[in-house]
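Here are some worked exercises to try with the model open in your viewer. Have a go at each task before you read its solution.

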Amino acid sequence: MDLHLTDARPTPEEREAVASVLGPPESAWEGADRSRIGLEGHVARGGLRRAEERRTLLLPALLALQDRVGWISEGALNHVCERLGVPPAEAYGVASFYALLATEPRPARVAHVCDDLACRVAGAEALCRDLEGRLGPPGTPAADGGATWFRSPCLGRCDRAPAVFFQQAGPEPHAWSLAPTTAEQVAGVLAGEPWDRLAPPQAPLPQAELPGGREAFRLLRRVGVVDPGSIDDYRAHGGYEALRAALELGPEAVIREVKDARVLGRGGAAFPMGVKWEAVARQPVRPKYVVCNADESEPGTFKDRVLMEEDPFAVVEALTIAGYATGAERGYVYVRGEYPLAFRRLGRAVQEARARGFLGRDILGRGFSFEIELRRGAGAYICGEETALFNSIEGRRGEPRNKPPFPVTHGLFGRPTAINNVETLVNVLEILRVGAEAYAATGTPGSTGTRLFCLSGCVERPGLYEVEMGVALRELLDLAGGVRGGRPLRAVLLGGAAGTFLGPDELDLRLSFEDARAAGASLGSGVVMAFDDTVDLRDVVLRIAAFFRDESCGQCVPCRVGTVRQEEALARLARGRPIGSRERELALLADVWRVMKDASICGLGQLAPLAVESAISKLGVFDGEGA
Ligand SMILES: Cc1cc2nc3c(=O)[nH]c(=O)nc-3n(C[C@H](O)[C@H](O)[C@H](O)COP(=O)(O)O)c2cc1C
Ligand code: SF4
Ligand code: FES
């Protein structure tokens with residue numbers, strides 16, 4: 001196939017970066033230097049099938065270039081295309097899809113400063129203005145051209161807002177996060193100050209400090225207790241007992257336990273985990289896959305990060321059990337690109353598990369073979385949507401697919417796939433520890449087990465909390481110390497940017513899937529963000545609208561255009577300059593929302609109006625003066 005490459009060639013550094021993922025080129029067909037290969041260079045290997053298989057390495061290769069050079073040049077892109085047999089237009093389409101990849105020259109050191117919801121409440125706007133004063137607008141080269149900064153959506157560190165994520169490209173690339181942070185610190189790191197002096201102590205689990213707090217933990221029981229780098233410590237705290245129990249029970253019995261436990265997915269859609277696993281187990285097709293969705297990018301969410309950073313072996317063990325139960329031979333964990341610590345710790349856990357016979361061939365001598373591969377995202381909220389995530393792993397743009405067909409029959413690489421959220425998966429360890437009956441006795445009949453809630457915004461003790469399903473929102477807020485400084489509560493955002501606002505009169509809502517549904521809300525990804533009377537909710541709502549406009553993949557018109565129209569209408573309302581009248585503007589918005597909800601391909605477009613709509617209808621956010 002003629003790939004139609006341009007004349008631009010890679011530098012030695014770029015070749016090296018690509019080779020670090022793909023290995024050295026085998027032939028001139030793959031971009032090897034023709035002068036350095038013999039006859040072998042004239043032999044085309046593999047053919048189309050191999051090229052398709054290799055395409056899954058496209059994103060890892062682009063990330064390697066980004067890490068090494070700080071951006072992806074035309075010559076580098078040509079080289080990747082040659083090596084993988086991917087047309088440059090398609091590779092460019094992928095490279096330009098992700099926020100953490102640059103297709104124009106970018107300095108080696110970059111700060112991504114969160115200006116999303118919880119960070120705004122913690123002064124992110126002032127921090128960004130301060131940075132503008134010191135360094136110029138986002139994207140301006142600073143520190144003699146060696147550094148720059150950008151605004152970022154939520155970085156999953158909302159409990160310690162405001163947050164920043166740094167990337168340092170080079171032969172020894174590095175990425176790290178800092179929260180809370182200040183403009184001085186960001187500017188200092190960009191100017192070359194050593195970053196490690198600024199690394200904050202581990203975020204505490206505020207609930208663990210409360211009387212009886214730790215006893216409430218099921219999913220968090222090892223967090224803050226176990227050494228996340230040691231498989232021995234993990235085993236000393238009950239690790240790998242669930243896998244042993246699963247291997248004793250056999251796959252069908254494991255699925256029966258999971259079904260009897262009635263655990264619903266924690267990633268947002270609340271689908272029964274056991275039903276999903278059973279559907280995949282029944283597929284006669286091979287290979288099959290299990291995928292752990294660790295892309296956690298919903299603004300306000302940081303629960304999966306805490307599990308992955310502090311108890312990584314639990315994620316590895318739970319995914320191994322999923323593989324065993326469904327008959328999958330391979331698992332993938334797709335980790336959000338902004339979670340470098342989680343990625344590193346999971347990587348180590350996979351290696352250790354393999355070295356100790358908990359992964360690989362014939363696990364624990366029971367004839368079960370299973371491997372786990374980690375994949376790193378590159379900054380795209382939409383890649384948390386399950387089919388977009390599959391496309392991303394396959395080396396395509398992270399655009400959602402139409403459903404049906406569903407992943408249980410046509411998932412990753414078109415094969416049967418069980419995909420679950422990190423928190424959902426970790427529940428299987430608890431189910432196998434206490435048994436389905438005891439597990440199902442916790443929570444409510446419709447929402448069994450415990451739930452992780454991410455508390456942030458104007459609460460006294462922001463952080464991750466684990467409570468039984470069905471606890472009242474008021475109790476959860478009390479657990480977090482109530483509203484900061486005893487101020488009046490103005491609103492709670494439940495479920496994230498794709499969730500809904502609740503007013504202070506709705507604090508008796510029980511936090512279960514069924515109660516939330518009945519109240520026209522959803523638990524979403526477990527976000528509970530509180531706003532007191534000092535917060536300008538118009539600003540919050542405008543940020544939500546900007547988030548969805550930015551993150552829409554643009555594939556379907558109702559979402560691509562609807563998210564823009566929504567933001568424009570809200571901006572006019574906020575300025576007090578509606579088209580016609582406020583009523584007309586709201587009627588226009590209602591029309592746009594109807595089309596988005598009815599006709600968008602995926603949940604992003606369908607859910608993008610919800611928080612805005614609830615803020616207007618319940619909280620009267622755009623009522624009153626000037627609007
Ligand atoms: C726009 C969008 C973003 C999503 N992001 C995530 C995510 O970051 N993590 C996640 O687990 N699920 C996310 N989901 C839900 C997944 O599509 C899928 O339902 C989930 O991974 C299934 O796992 P569960 O059954 O364990 O919840 C998202 C869905 C949509 C529509
Ligand atoms: S709804 Fe939005 S995010 Fe989803 S496919 Fe359509 S354009 Fe993409
Ligand atoms: S880290 Fe800034 S809002 Fe989540």
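**Exercise 1. Find the loop that holds Leu-364, then work out its backbone angle and its burial class.**

Step 1. In this predicted model, Leu-364 sits in the loop between helix 15 (340-355) and strand 7 (371-376).

Step 2. Now check the backbone: phi of Leu-364 is positive, about 50°, although the residue is not a glycine. Keep in mind that most residues other than glycine have a negative phi.

Step 3. For burial, count C-beta neighbours inside 10 Å: Leu-364 has 13, so it counts as partly exposed. The exposed class stops at 12 or fewer, and buried starts at 20.

**Exercise 2. Do the same for Tyr-240: is this residue buried or exposed?**

Step 1. Tyr-240 lies in the loop between helix 9 (231-236) and helix 10 (241-249).

Step 2. Its phi is near 70°, again a positive value in a residue other than glycine.

Step 3. Tyr-240 has 20 other C-beta atoms within 10 Å, so it is buried.

**Exercise 3. Describe the surroundings of Gly-435, starting from the loop it sits in.**

Step 1. Gly-435 is in the loop between helix 17 (422-434) and helix 18 (436-440). Just after helix 17, the glycine takes a positive phi of about 90°.

Step 2. Look back along helix 17: it is mostly covered, with eleven of its 13 residues buried. The buried ones include Val-422, Glu-423, Asn-427, Glu-430 and Leu-432.

Step 3. Gly-435 itself has 15 other C-beta atoms within 10 Å, so it is partly exposed.

Step 4. Finally, pick out a partner from elsewhere in the sequence. Ala-261 is 174 residues away from Gly-435 along the chain, yet their C-alpha atoms are 8.0 Å apart in space.

**Exercise 4. Locate the cis peptide bonds that lead into Pro-287 and Pro-404.**

Step 1. Recall the background: most peptide bonds are trans.

Step 2. The bond from Arg-286 to Pro-287 is cis, with omega near -10°. Pro-287 belongs to the loop between helix 12 (273-281) and strand 5 (289-294).

Step 3. The bond from Lys-403 to Pro-404 is also cis, with omega near -5°. You'll find Pro-404 in the loop between helix 16 (386-393) and strand 8.

**Exercise 5. Which residues and elements surround ligand 1, and why does the ligand lie between two domains?**

Step 1. There are 22 residues around ligand 1, and Gly-265, Gly-267, Gly-384, Asn-421 and Gly-603 come nearest.

Step 2. Strand 8 (417-421) and helix 24 each supply at least two residues of this shell. The largest share, three residues, comes from strand 8.

Step 3. Sort the shell by class: six nonpolar, ten polar and six charged residues.

Step 4. Domain 3 (216-440) and domain 5 (537-619) both give residues to the shell, so ligand 1 lies between them.

**Exercise 6. Which residues are closest to ligand 2?**

Step 1. Of the 14 residues that surround ligand 2, the closest are Cys-553, Cys-556, Cys-559, Cys-602 and Gly-605.

Step 2. Two elements give two or more residues to this shell: helix 22 (557-575) and helix 24 (603-607). Helix 24 also supplies at least two residues around ligand 1.

Step 3. By class, the shell around ligand 2 has eight nonpolar residues, five polar and one charged.

**Exercise 7. Characterise the largest nonpolar core, then zoom out to the whole chain.**

Step 1. The largest nonpolar core has 198 residues, and Leu-62, Val-315 and Val-333 have the most contacts inside it. Helix 14 (residues 312-326) gives the largest share of this core, ten residues.

Step 2. Take Val-333 and leave aside its neighbours within four places in sequence. Its contacts then include Cys-292, Val-315, Leu-346 and Leu-374.

Step 3. Zooming out, the chain has 25 helices and 13 strands. Its radius of gyration is 24 Å, close to the 25 Å that the globule rule gives for 627 residues, so the chain is as compact as a globular protein of that length.

Step 4. Of the 627 residues, 53% count as buried. Among contacts with a separation of 6 or more, 71% join residues 24 or more positions apart.

Notes:
Residues are numbered from 1 along each chain as its sequence is written. Chains are lettered from A and ligands numbered from 1 in the order in which they are written. This is a predicted model: local features need pLDDT of at least 70, side-chain atom pairs count only at pLDDT 80 or more; totals for chains, interfaces and linings use all residues. A residue is near a molecule or strand if its C-beta atom, placed from the backbone, lies within 6 Å of it. Helices (H or I, at least four residues) and strands (E, at least two) are DSSP runs, numbered from the N terminus. Ala, Val, Leu, Ile, Met, Phe, Trp, Tyr, Cys and Pro count as nonpolar, Asp, Glu, Lys and Arg as charged, and the others, Gly among them, as polar. A nonpolar core is a set of buried Ala, Val, Leu, Ile, Met, Phe, Trp, Tyr and Cys residues joined through C-beta atoms within 7 Å. Two residues are in contact if their C-beta atoms, placed from the backbone, lie within 7 Å. Domain bounds come from an automatic or database domain assignment. The radius of gyration is taken over C-alpha atoms; the globule rule is 2.2 Å times the number of residues to the power 0.38.
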